[in-house]
Amino acid sequence: MRTQEHIPVRLQDYRPYPFSISHVSLVFDLHPTRTIVTSRLIIDRKPHEWAKGEALQLDGVGLDLLSVEINGQPVAAQDYHLGEDGLTLKSVPDSFKLETKVAINPAANTALSGLYMSAGRFCTQCEAEGFRHITFWPDRPDVMSRFHVRVEAPEADFPSLLSNGNRVAIGQYDDGRHWAAWDDPHLKPSYLFALVAGGFDTLEDQFTTRSGRTVDLCIYVDKGAASRAIYAMDALKRSMTWDEEVFGREYDLDMFNIVAVSDFNFGAMENKGLNIFNSALLLADETTATDADYEAIEAVVAHEYFHNWSGNRVTCRDWFQLSLKEGFTVFRDQEFSADQRSRAVKRIKDVKALRARQFPEDSGPLAHPVRPKSYVKIDNFYTATIYEKGAEIIRVLQTLVGRDAFLEGANLYFDENDGTAATIEDWLHAMRTATGNQLHGIERWYDQAGTPCLEAISDYDAATQKLTIRFQQSTPDTPGQSSKSWVPLPISMAFFGPDGAPLQLRLAETDIAADDWLIPMASTSLELQFEGVADRPVVSYMRGFSAPVRLITNHSDADLALLAACDTDPFVRWESTQTIARNTLLSVAQSLAAGREPDVRQDLARAFQGALADAARDPAFTALLLRLPDVSELMQLQPLCDPSNLLAARAFVRSLLAEQLDAELSACFAIYDPAQAFSASAQAAGQRALMAACLDLLCASGTDRAAMRAENTFFAARNMTDMMTALDGLSQFGGARYHAALAAFKQRFTDNALVMDKWFRVQAMALCEDPLQTFKNLRVDPSFTLLNPNRVRALGGAFASGNPAAFHRVDGTGYQAIADLIADVDSTNGALAARLGTVFESCSRVNEPRQKLAKRTLQVLLDRNSLSANTREILSKIYDGLIA
Ligand code: PHE
Ligand code: ZN
């Protein structure tokens, strides 16, 4: 029943809550199947006219109400209304104490929102609307309170009892139960509440803040895993230092705890003083984690820690403002990683991720503004747009006002809004006040969906020695939004002469001359003229990716080759190489589709040759240069595409490169010594990444020699990164070698769920053999489970987004397989199923026969009455965008 729509929440309907709740005291009597939660609230009606006579409405879902009292007196049944989604008390005094007692069943909570059990422990997830599954409460971020929490449980099974803030008391009962009391002195909304109870090993440390406060740091992990938290602890301390040094922000409690859990819907959660992490983003050592894992752990530990200011001390007024904390915090963690590692490499990786996840979202049926106008399920709005595009907007802002002014603005924002729930207007107000820059049009970045397109056409006139550049920007229509206006775009530029040397140019009719230009474009079109230009320059645009746009230029192949070889900005060097690769791949795809023998230009091989010759200078950067755009990226460039054609083109070009560059790739590959001692440093990781990029291309040759190299690499590997590099290589061949390696891998790591996720992922993404059959086999593998989100993503997510030609099989069986998985997951975890459902978004880019099959598959899913609201919201939007 596609008609069974759920009512959306709209930004324009925002009303402040009529009551304030200064204090809340919670008592948790923990029991896996029947936990009793007693809540005592001190409530005051707000002293405004509009608050007069308002009923007290509390959210609450799936709670078994045992009692409700006002000022110690039971409330009669006719004086309250208990509905599906909450409790309403029609007439309440202006100031009173409310006590409710409810029973909940954490063991039955498979949706992992609210209080649930993971591996025999209690834990919570309250963002965005999980708290209403725990107790009756106005579950919205603008209701902020002081929380006092008492946790009681049997000591033998649950030795650690944790909540937010500082531990203020502990005690024991005679019956083997014990308790701990926690007080969080900082006002917070319910989504930042957390509770954990269970048995853990811990890794402890201390941090002294700039002002001399000593903070006890503790990471709680599975028994035996403490040594795998060392890297996360180190990242935490570096994050604490960084936020003091760069943003001037200190930590504000006596303790900071992190808990790793194995069942978690997202990456991690910034609960005040008690961060909860998906163990995949916390645990690492060289034998079980790849370099990508280390990098992600560093970034996510920092991200959650940084939320202490951008999110917790200053929170969001409503969920429409989500990017206020998420975009800003992603920006902060990106800057942190850039400072810890290589800034250029970090920027390229961030842009790659933006293009892989956010650009398609922004150009398809799920496109929405960074500040949406409405939503059905807020869990569905934890998107790449809110996070990554949100971070790009912050970066645009920083580029427009300059780093120092930006930091002053951020400082003012923190100071002005400390302890409150703020809006994007509050943020912009602080920025404008501190910088004096009016930032005209910046709101449109928040309100307009769609990736702006920037066209830059340069024209050199040798006779007059003038260079003219015409810029034109436009933002495409997106579902429900058309006629968009310009957005402020900082255009970072430089010029290079025919010899590749940087050129200083002079702006016409001025005496402004410079090597590097920053043009703040604040209009639909803009024309720049430079005078006295002796030779035709090549323009380097959007250096460092100075704004999140799709750039179209009139660069010739030769211009791109020159920038790829000579640009002083590593981003543009990489980007130019990618552009050459994209052009090559698309033209090969066209030839193949037309049954013609592709005629491959030599620019790409030459660019790769240049990269390899220079590999020693920056191995991590070279490794990025050597990776061709993947099929999903190509799908975005070709409307109504055939993914198998794009895959064939990619395979064709890769095997050609492997053949042409065999000597260079082999030489570069051979430099790597698999026996060298492990270091997690960015530099060491760069060497591994370079080896991996070489092996990956070498394997594209399909030769036995390459397969043996991959096999040798696998058995010589001393760390997980090299092991996965080798498995990836072997997966290009399939056959006995690949399966022997997979079996050895499984045997060695069968008890480590995080490593087994990699075993699933590599197979789900493998192009060899019959990928769909592989998927189906793994689906019934005894170690597959629908209940663990990491496992579901490692198989379903990896197959649907990492194996596009198989997912988009022309017979529709790939769609069917994923639809079946979504239906199964949806019955236990709607938020996870909905997220998995977003993979169908790519169907809006495939050709008509495929779209029709996808639409029919979705129709069947949407016809299920039982489908969760989460999954229904995502799938019906995608459905509406597909060709019938
Ligand atoms: N707020 C979390 C973050 O740091 C993400 C999250 C959202 C986690 C919802 C769980 C549930 O990005
Ligand atoms: Zn976040």
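**Internal spaces, zinc site and backbone features of the predicted model**

The structure holds 4 cavities of 30 Å³ or more. The model is predicted, so local features were taken at pLDDT of at least 70 and side-chain atom pairs only at pLDDT 80 or more, while totals for chains, interfaces and linings use all residues. Residues are numbered from 1 along each chain as its sequence is written, chains are lettered from A and ligands numbered from 1 in the order written, and side-chain values use heavy atoms, without hydrogens or water. On a 1 Å grid over the protein atoms alone, a cavity is a set of points where a 1.4 Å probe fits but cannot get out; a pocket is an open set with protein on both sides within 12 Å along at least five of seven lines; lining residues have an atom within 4 Å of a point. Volume is the space filled by probe spheres set on the points, which are joined across faces, edges and corners.

The largest cavity has a volume of about 50 Å³. Its lining consists of Ser 323, Leu 324, Gly 327, Phe 328, Gly 390, Ile 394, Trp 427 and Tyr 446. Helix 3 (322–340) and helix 5 (384–401) each supply at least two of these residues. Helix 3 has the largest share, with 4 residues. Helices (H or I, at least four residues) and strands (E, at least two) are DSSP runs, numbered from the N terminus. The lining comprises 5 nonpolar, 3 polar and no charged residues. Here Ala, Val, Leu, Ile, Met, Phe, Trp, Tyr, Cys and Pro count as nonpolar, Asp, Glu, Lys and Arg as charged, and the others, Gly among them, as polar.

The second largest cavity has a volume of about 40 Å³. Residues lining this cavity include Val 600, Arg 601, Leu 604 and Gln 660. Helix 11 (603–613) and helix 14 (643–660) each give two or more residues to this lining. Helix 14 contributes the largest share, 4 residues.

The second largest pocket encloses about 630 Å³. Of its 25 lining residues, Leu 551, Ile 552, Glu 575, Thr 579 and Arg 582 lie nearest the centre. Helix 10 gives the most to this lining, with 8 residues. By class, the lining has 14 nonpolar, 6 polar and 5 charged residues.

Asp 569 lies in the loop between helix 9 and helix 10. Its relative accessibility is 13%, so Asp 569 counts as buried. Buried means under 20% relative accessible area, exposed over 50%, and partly exposed in between (1.4 Å probe, protein chains only). Beyond neighbours within four places in sequence, Asp 569 contacts Arg 543 and Gly 544; contact means heavy atoms within 4.5 Å.

The zinc ion (ligand 2) is coordinated by His 303 (NE2), His 307 (NE2) and two OE entries of Glu 326, at 1.9 to 2.8 Å. Donors are N, O and S atoms within 2.8 Å of the metal (3.2 Å for Na, K and Ca); water is not among the atoms, so sites may look incomplete. The donor residues follow the spacing H-x3-H-x18-E. His 303 and His 307 are both buried.

Several backbone features fall in loops. A cis peptide bond, with omega about -5°, joins Glu 127 and Ala 128. Ala 128 sits between strand 11 (121–125) and strand 12 (145–154). Glu 509 is not a glycine, yet has a positive phi of about 60°. Glu 509 is exposed, at 76% relative accessible area.
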